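Got your viewer open? Load the model below and follow along, one selection at a time.

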Amino acid sequence: MRLLPAALVSASGFVLFALENRIVGSGILALALAMAAFVNKKLFQDLALVAIGVTVMSAVPITTDISTAHMLVMGAAMIFAVAVPYLGSRFMFKDHAIRFPVLTGQKWTPVEKLYLPVVLVLGYAVLPVYMISTGVYANWPAVSDPEGIARLFLGTNALGVWDELFFICTAFALFRRHMPEWQANILQSILFTSFLWELGFRAWAPFFIFPFALLQARIFSATKSLSYIVSVHLLFDFVLFLVLIHAHNREWIDIFLY
């Protein structure tokens with residue numbers, strides 16, 4: 001009974017982001033909250049917090065446009081989508097379901113340290129082939145001037161941090177309160193993948209983004225460290241940034257195999 005409304009929240013994200021159908025997606029989200037209210041008050045509260053973030057992000061253009069106007073609009077929505085659920089959980093509902101553990105005091109294990117260069121290698125192996133062979137890199141702006149490069153770098157990194165703040169620390173954490181971890185993980189990964197699809201990760205991107213989202217949540221459960229999963233994500237995004245620069249300027253950073 002708890003899984004169904006949570007699954008509908010996740011499905012609404014797929015319809016809103018991946019299919020870009022605002023009417024049907026909003027209807028599914030409303031149905032999910034109505035069912036949750038019937039099942040359990042706490043479930044309704046937690047799903048409503050996720051729904052706020054999903055609704056806010058679906059209301060703004062999710063694109064890779066790096067103009068000042070778009071970065072301000074999308075940036076404000078991203079802040080709102082994370083801040084409102086956190087403040088609602090902390091001060092309205094009086095719990096600590098949403099946490100952003102950065103300074104945990106726990107040292108990274110040898111395995112965790114080893115995984116970081118592995119992420120770079122995986123990014124190097126996968127991203128050039130994916131971005132260039134499919135032509136998906138064209139969904140990102142072609143930049144060659146210092147300001148454009150700086151904007152692209154800021155945009156990719158800011159989005160990477162936000163992904164972890166919302167999909168892992170917020171959506172996954174709230175889903176996990178009402179169902180087994182593996183179910184919560186699948187639901188947040190659907191949201192995660194659907195959002196990035198609308199952003200521009202098309203073609204066969206879901207085949208590596210969905211497992212990446214699953215793994216990020218699992219790592220967060222094991223380490224309880226936002227700083228670690230953000231480090232993993234930003235290393236992957238750094239490779240993405242380099243690939244995008246190279247894809248649009250083939251004589252630059254000519255170090256990739258594809």
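This is a predicted model, and the tour goes through its salt bridges and then one methionine.

Start with Lys42 and Asp95. Their side chains form a salt bridge, with the closest N and O atoms 2.7 Å apart. Lys42 sits in helix H3 (residues 41-58) and Asp95 in the loop between H4 and helix H5 (110-134), so this pair ties together parts 53 residues apart in sequence. Color by accessibility if you like: Lys42 is partly exposed at 25%, while Asp95 is buried at 10%.

Next, select Arg177 and Asp46. Here's another salt bridge, with 3.1 Å between the closest N and O atoms. Arg177 is in the loop between helix H6 (146-176) and helix H7 (181-199), and Asp46 is in helix H3, so the pair links parts 131 residues apart in sequence. Asp46 is buried, at 0% relative accessibility, whereas Arg177 is partly exposed at 37%.

Now show both pairs together: Lys42, Asp46, Asp95 and Arg177 are linked in a network of salt bridges. The whole structure has seven salt bridges.

For one within a helix, pick Glu147 and Arg151, which meet at 3.1 Å, N to O. They're four residues apart in helix H6, so about one helical turn separates them. Glu147 is partly exposed at 48%, and Arg151 is partly exposed at 22%.

Keep Arg151 on screen and add Met71, in helix H4 (residues 68-92). Which residues does Met71 contact, leaving aside neighbours within four places in sequence? Asp65, Ile66, Arg151, Leu154 and Gly155. Put a distance label on the C-alpha atoms of Met71 and Gly155: 7.8 Å, with their positions 84 residues apart along the chain. Met71 itself is partly exposed, at 25%.

Note on methods. Residues numbered from 1 in each chain as written. Predicted model: local features only at pLDDT ≥ 70, side-chain atom pairs only at ≥ 80, totals over all residues. Heavy atoms only, no water. Helix = DSSP H or I, 4+ residues; strand = E, 2+ residues; numbered from the N terminus. Buried < 20%, exposed > 50% of the residue type's maximum accessible area, 1.4 Å probe, protein only. Contact = heavy atoms within 4.5 Å. Salt bridge = Lys/Arg side-chain N within 4 Å of Asp/Glu carboxyl O.
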